[in-house]
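User: Please take a close look at one backbone site in the structure shown below. I should then like that site to be set against the rest of the chain in one connected account.

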Amino acid sequence: MGLANASAAPLAAPAAKPVFSSIQTLRGIAALLIVLMHLASMERAAGAGHVLLPDFFRHAYGGVDLFFVISGFVMVTVARGRYRSPTEARRFLARRAWRIYPTYWVYTSVLVAAIALSRGVSGFPYDAAQIAKSYLLLPQEKGPMLAVGWTLVHELYFYLVGALAIAFVPERRVAWFLLGWGALTSVAYALAPVDFSPWLTVIASPLTWEFIAGAMIALYAQRLPRALAPWCAALGAAGLFASFLVARELTSVHAAGALRAALYGPVSALLVLGMAAWEGRPGGLRLPALPVALGDASYSLYLSHPLIIFALVRVWRHGLTPWMHDASVIACIVACIVFSLASYRWLEKPLLAFGERRLFPRRPPAPALQPA
């Protein structure tokens, strides 16, 4: 069967958008991996020699790659039945921007205030242009002030291209659009100069392949035979863990986009494919509330944990006995999780609710396109 015909059936929009608790859980796991990566790295940099976390956690930045695959999956899932509509494209882009910016602005502002208070205005290390680009999440050479924001720069690029697809691409041609985007990304990466400009770095990034993989999974996950779904999920999870061990033996994974995407992208895609296909069938996977709640709070966890780890590093400077150091690491992980749950409940969720209530009131769902 040709790809054009194959792309029609899986895109028929359901009456209601499915909610994948497994994908939310994977969000939480991805964010927690980033917390452990930063904490393990800081242990070795500022922990006075004694460490608790295994060394392979320093290479758990593959959690970001898992995030990118999930983002592609979510984009296509929420866009079902909305294609060939500039109005829906604008609405999609506005909702995605509201999802990212307000909470990010809060934590960036906390960082700005902390730096200003600790160093004074004269010692503030950022100029006005870098501050403005950081708040807007525009590509820049030094990256956003809140360092984890570099991934959000990529996310916004993904959403801009996704909005173009929603505005102009027929729904049955989405798979072709994704393949074309992937091909153009490959060409841009191959032809880009050694010293990328900040904008070209984003446009030509091989990490875009991971987003595209997640989008393709959203189109075709339910075609995976039911019996294979748990095995795909297990193989993807094992592969992601193994990739941390492999990255430990390499020296250029983090900087080399293509190598990083090749190492973390396929296993992340396999994990998302298995979980989505497993849950998306009658009588499929059911997950307890706690990991799903952590997934709900994953964005708050991702944005807030650097500030909590920074506070822990200041404690380490005073010197700790080994057992006190171990206790402080465990306490930091717990604090990051608890704080993120509180942030989601009292900051992020009210902001999202305000947007849904005031900025993006619910509308009747668009009629599903019939397969061609």
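Analyst: Arg-84 is found in the loop between helix 3 (62-79) and helix 4; the model in which it is described is a predicted one. Its backbone deserves attention: the phi of Arg-84 is positive, at about 60 degrees, although Arg-84 is not a glycine. Most residues other than glycine have a negative phi. As to its surroundings, Arg-84 has a relative accessible area of 54%. Values over 50% count as exposed, and Arg-84 is therefore an exposed residue.

A second site invites comparison. Leu-137 is likewise not a glycine and has a positive phi of about 60 degrees. Leu-137 belongs to the loop between helix 5 (128-136) and helix 6 (150-168). Is Leu-137 buried or exposed? The relative accessible area of Leu-137 is 3%, and the cut-off for a buried residue is under 20%, so Leu-137 is buried. Thus Arg-84 is exposed, whereas Leu-137 is buried.

Both loops belong to a protein with 14 helices and 0 strands. Of its 372 residues, 49% are buried.

Helix 4 (86-119), which follows the loop of Arg-84, also takes part in the second largest pocket, supplying at least two residues of the lining. Helix 2 (21-46) and helix 13 (298-316) each do so as well. The space in this pocket amounts to about 720 Å³. It is lined by 28 residues, and those closest to the centre of the pocket are Leu-111, Met-145, Ala-147, Pro-306 and Phe-310. By residue class, the lining of the second largest pocket consists of 22 nonpolar, 4 polar and 2 charged residues.

Further along the chain, a helix pair completes the account. Helix 10 (residues 229-248) packs against helix 11 (residues 257-279) with the axes 7 Å apart and at an angle of about 155 degrees. Angles over 145 degrees count as roughly antiparallel, and helix 10 and helix 11 are therefore roughly antiparallel to each other. The crossing of helix 10 with helix 11 is left-handed. In the contact of helix 10 with helix 11, 18 residues are nonpolar, 5 are polar and none is charged. The pocket lining, by contrast, includes 2 charged residues.

Key. Residues are numbered from 1 along each chain as its sequence is written. This is a predicted model: local features need pLDDT of at least 70, side-chain atom pairs count only at pLDDT 80 or more; totals for chains, interfaces and linings use all residues. Side-chain values use heavy atoms; hydrogens and water are left out. Axes are lines fitted to C-alpha atoms, for helices over the stretch in contact, and angles run from 0 to 180 degrees between N-to-C directions. Helices (H or I, at least four residues) and strands (E, at least two) are DSSP runs, numbered from the N terminus. Angles under 35 degrees count as roughly parallel, over 145 as roughly antiparallel, 65 to 115 as roughly perpendicular and the rest as oblique. A crossing is left-handed if the near helix is turned anticlockwise from the far one by less than a right angle, and right-handed if clockwise. Ala, Val, Leu, Ile, Met, Phe, Trp, Tyr, Cys and Pro count as nonpolar, Asp, Glu, Lys and Arg as charged, and the others, Gly among them, as polar. On a 1 Å grid over the protein atoms alone, a cavity is a set of points where a 1.4 Å probe fits but cannot get out, and a pocket is an open set with protein on both sides within 12 Å along at least five of seven lines; lining residues have an atom within 4 Å of a point. Grid points are joined across faces, edges and corners, and a volume is the space filled by probe spheres set on the points. Buried means under 20% relative accessible area, exposed over 50%, partly exposed in between (1.4 Å probe, protein chains only).
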